[in-house]
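Hi,

Here is the model I promised to pass along. Have a look at it first, and then read my notes underneath.

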Amino acid sequence: MDTEDLPPILKRIMQLHDDVVSRDKMIIGTLNIVSGLIGAASGTPDMPSGVYGLYDGRKVYAPLYNILFANAGSSKGDLNFCRQLAKPLKDEMRREYEGKKMEYERLMAAYEAKRNRKAAEQKRKAAEQRM
């Protein structure tokens with residue numbers, strides 16, 4: 001097969017795996033990972049993912065799922081390498097999440113402090129009025 005027009009990741013799979021079954025397994029694993037990245041990148045609160053297809057007249061959303069059945073020793077564990085494709089993006093998304101979480105916690109602490117000061121001021125004024 002001519003790999004000239006393939007994306008780099010598929011070229012690499014073709015180079016590393018010389019048998020059709022192994023190539024198919026790794027390409028399916030790669031598609032699973034990429035579909036999850038597409039879904040994570042384009043989803044909205046109203047729609048689980050911005051990417052969908054039609055199957056039997058219904059919308060089917062990414063990510064794709066597959067189940068691989070094979071005998072022991074058939075290199076199913078190679079699919080773990082497909083997860084490494086998503087690691088840089090997953091790490092970036094984790095850092096972004098942690099940053100936003102810290103900002104939320106900072107703003108919440110400031111809000112709580114302001115609310116507590118206001119409540120204390122109201123108590124002080126109520127106590128002064130009773131006197």
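What follows is a short run through the salt bridges.

Some housekeeping first: this is a predicted model, so local features need pLDDT of at least 70 and side-chain atom pairs count only at pLDDT 80 or more, while totals for chains, interfaces and linings use all residues. Residues are numbered from 1 along each chain as its sequence is written, and side-chain values use heavy atoms, with hydrogens and water left out.

For a salt bridge I took a side-chain nitrogen of Lys or Arg within 4 Å of a carboxyl oxygen of Asp or Glu. With that rule, the count comes to eight salt bridges. The general idea is familiar: side chains of opposite charge can pair when their charged atoms come close.

One to look at is the pair of Asp78 and Lys25, where the closest N and O atoms are 3.6 Å apart. This pair links distant parts of the chain, with the two positions 53 residues apart in numbering: Lys25 sits in helix H2 (residues 20-42), and Asp78 in the loop between strand E2 (58-61) and helix H3 (87-130). Helices (H or I, at least four residues) and strands (E, at least two) are DSSP runs, numbered from the N terminus.

Is Lys25 buried or exposed? Lys25 counts as buried, at 11% relative accessibility, whereas Asp78 is partly exposed, with a relative accessible area of 23%. The cut-offs here are under 20% relative accessible area for buried, over 50% for exposed, and partly exposed in between (1.4 Å probe, protein chains only).

What does Lys25 touch, leaving aside its neighbours within four places in sequence? Lys25 is in contact with Leu68, Ser74, Ser75, Lys76, Asp78 and Leu79, contact being heavy atoms within 4.5 Å.

The other spot is in helix H3, where Glu121, Arg124 and Glu128 are linked in a network of salt bridges. Arg124 is bridged to Glu121, with the closest N and O atoms 2.2 Å apart, and to Glu128, with the closest N and O atoms 2.4 Å apart. Because Arg124 and Glu121 are three residues apart in helix H3, about one helical turn separates them. Glu128 and Arg124 lie four residues apart in that helix, again about one turn.

As for exposure, Glu121 is partly exposed at 31%, Arg124 is partly exposed at 40%, and Glu128 counts as partly exposed at 46% relative accessibility.

Cheers
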